[in-house]
Amino acid sequence: MEAAPLSAPRYDDASVRRFITATVLWGIVGMLVGAILALQLAWAPANLGLPWTSFGRLRPLHTNAVIFAFTGNALFAGIYYSMQRLLKTRMWSDTLSSVHFWGWQAIIVLAAVTLPLGMTQGKEYAELIWPIDLLIAVVWLVFAANFFGTIAIRKVKHLYVALWFYMSMVITITVLHVVNNLALPATLTRSYPVYSGMTDALVQWWYGHNAVGFLLTTPILGLMYYFLPRAAQRPVFSYRLSIIHFWALVFLYIWAGPHHLLYSALPDWAQTVGMVFSLMLLAPSWGGMLNGLLTLRGAWDRLRTDPILKFWVAAITFYGMSTFEGPMMSIRAVNALSHFTDWTIAHVHAGALGWVGESVFAMLYYMAPQVWNRKLHSVSLATTHFWLATVGIVLYVVAMWTAGVTQGLMWRAFDEAGLLQYPNFVDTVRTLNPFYWIRLLGGLMYLGGIIVMAWNLYKTATSDSSNALEA
Amino acid sequence: MSPVTDAVAQSAQLGWVLGVMTVAFLTSFVGWTLWAWWPSNRERLDAAALLPLEESP
């Protein structure tokens with residue numbers, strides 16, 4: 001389109017390399033902690049009897065590491081890489097890019113120290129204490145300034161749809177983070193939220209659900225709209241559908257949070273709003289899924305040999321499954337069975353490991369050779385990673401689905417006298433134990449896959465110039 | 001007013017707000033869809049779809 005010629009060194013790929021490295025390192029840490037937690041649930045002595053290594057303290061470390069460290073760094077890598085190329089301009093400010101990178105890593109290190117020490121706000125996915133929250137706000141605004149500054153100096157007039165998805169993340173996460181973390185500090189490590197009771201819960205789940213929506217869904221969809229056409233070497237199936245996909249998705253997502261509060265003290269009408277908007281989300285979600293899968297029309301044969309396309313197809317398929325399951329789980333009658341059970345754990349991991357994780361791997365295998373200018377060290381190792389990850393997820397998710405439904409049915413079972421058939425909570429825990437071991441096996445396979453990828457990318461980045469892409 | 005009539009009045013007002021919002025949002029959705037599929041935009045959007053495929057300079 002209205003592109004001006006530009007030479008390659010004008011892109012800031014150093015930042016992309018840094019974010020990729022951080023993604024891989026934090027990915028290993030986050031998944032390793034996840035595997036430790038899986039072991040603790042299957043075998044309680046793995047808590048070690050210490051407060052710092054107990055499930056309650058390590059669980060937020062796992063979720064924060066995977067969401068904000070692994071996925072966060074991956075998003076930044078993909079956004080820095082793609083937006084420069086889509087806008088044919090270098091990032092607006094190298095200084096802001098550096099401050100963004102090191103600031104984000106500092107936040108992650110602070111989280112890794114404070115969470116095991118038990119310093120928490122007690123809000124799910126917003127556990128970090130107020131001084132770190134302030135740092136997050138500052139670093140995020142640095143990123144936002146660099147992002148919009150780059151758009152302002154762009155050399156391509158049209159903002160490709162991927163950039164709209166990124167924009168929705170930049171704007172919405174700012175609002176979500178600030179509003180949900182409004183609190184009155186009492187000491188350096190303790191604060192009190194400005195909301196109370198049901199209002200606090202509603203704000204928290206408006207944040208929690210949209211953190212999923214605008215950190216784990218919309219930006220990854222944006223990245224899909226850039227990296228999938230690149231990998232498949234053909235344009236997206238329907239660019240027009242992608243525009244409708246974007247507007248419908250961002251409009252509907254923001255209202256769906258109350259489905260986390262069904263059967264709570266939240267007014268009934270608000271619960272219904274959450275449920276109805278969740279059900280409507282199925283339409284744009286599946287529109288996006290079909291747009292992704294149909295982009296491969298005429299290129300399906302390449303799935304046999306190209307691990308990047310394998311990862312994309314698996315990721316988009318998991319996206320379709322999760323976005324069907326989510327709306328179903330928001331229906332009151334289904335939620336009555338699924339809530340508080342391992343079904344929720346299955347749902348979130350199908351999304352996080354399947355959709356987010358496999359999309360990130362597809363991006364990394366595409367970007368790393370480009371930014372290091374080296375051919376991928378081993379395609380067969382990347383394929384091995386794909387199978388480890390995919391079989392690992394299937395084991396994990398099937399085990400947790402079975403465990404969740406079993407758990408829900410046991411909790412609601414009555415005997416002939418109308419009394420609870422399993423009044424002792426331990427009854428369900430003992431029944432679920434074998435599934436917890438299967439979950440651990442699946443998680444270890446997924447972790448093993450990431451370690452294989454780390455080795456593959458390390459060998460790619462450090463190979464000599466005879467292996468250059470443009471030798 | 002009694003608490004019951006008060007609640008009914010509030011509910012009626014909320015109904016108006018929800019009705020206006022529904023019409024506004026539906027109109028904007030139909031507007032975006034028409035814009036995306038408007039024949040005169042076809043060429044521009046088809047060209048935009050090719051942006052990721054342009055070789056990295």
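This report describes confidence, one helix, the contact between two chains and several salt bridges in a predicted model.

Residues are numbered from 1 along each chain as its sequence is written, and chains are lettered from A, with ligands numbered from 1, in the order in which they are written. In this predicted model local features need pLDDT of at least 70 and side-chain atom pairs count only at pLDDT 80 or more, while totals for chains, interfaces and linings use all residues, and side-chain values use heavy atoms, with hydrogens and water left out.

**Confidence**

For chain A the mean pLDDT (the predictor's confidence in each residue, from 0 to 100) is 95, and 98% of the residues of this chain reach 70 or more. Over residues 1-8 of chain A, however, pLDDT stays under 50, and for this stretch the model has 19 contacts beyond four places in sequence, a contact being heavy atoms within 4.5 Å.

**Helix α7 and a residue of α14**

Helices (H or I, at least four residues) and strands (E, at least two) are taken here as DSSP runs, numbered from the N terminus. Helix α7 of chain A, residues 218-232, has 15 residues and reaches 21 Å from its first C-alpha to its last, close to the 21 Å expected at 1.5 Å a residue, where the expected span is 1.5 Å times one less than the number of residues. At A:Met224 the helix α7(A) bends by about 30 degrees, the bend being the angle between axes fitted to the seven residues ending at a residue and the seven starting there. The helix α7(A) is mostly covered, since 15 of its 15 residues are buried; buried means under 20% relative accessible area, exposed over 50%, and partly exposed in between (1.4 Å probe, protein chains only). After α7(A) comes A:Gln233, whose phi is positive, near 55 degrees.

In helix α14 of chain A, residues 379-411, lies A:Thr402, which counts as partly exposed because its relative accessibility is 35%. The C-alpha atoms of A:Thr402 and A:Trp52 are separated by 31 Å, and these residues are 350 residues apart along the chain.

**The interface of chains A and B**

In the model, 28 residues of chain A are in contact with 21 residues of chain B. The area buried between chain A and chain B (accessible area, 1.4 Å probe, that two parts lose on being put together, summed over both) is about 2,400 Å², of which carbon and sulfur atoms give 71%.

**Salt bridges**

Side chains of opposite charge can pair when their charged atoms come close. With a salt bridge defined as a side-chain nitrogen of Lys or Arg within 4 Å of a carboxyl oxygen of Asp or Glu, a search of the whole structure finds seven over all chains, and one of them is found across the interface of chain A and chain B. Three pairs are listed here.

| Pair | N to O distance |
|---|---|
| A:Asp13 and A:Arg85 | 2.9 Å |
| A:Lys88 and B:Glu54 | 3.0 Å |
| A:Asp306 and A:Arg302 | 3.4 Å |

The side chains of A:Asp13 and A:Arg85 meet in a salt bridge. A:Asp13 lies in helix α1 (residues 13-42) of chain A and A:Arg85 in helix α2 (residues 55-87) of chain A, so this pair ties together parts that are 72 residues apart in sequence. Both A:Asp13 and A:Arg85 are buried.

A:Lys88 forms a salt bridge with B:Glu54. This pair crosses between chains, from A:Lys88 in the loop between α2 and α3 (94-114) of chain A to B:Glu54 in the segment after α2 (42-48) of chain B. A:Lys88 is buried, with a relative accessible area of 5%, whereas B:Glu54 is partly exposed at 24%.

In the pair of A:Asp306 and A:Arg302, A:Asp306 is buried, with a relative accessible area of 15%, and A:Arg302 counts as partly exposed at 26% relative accessibility.
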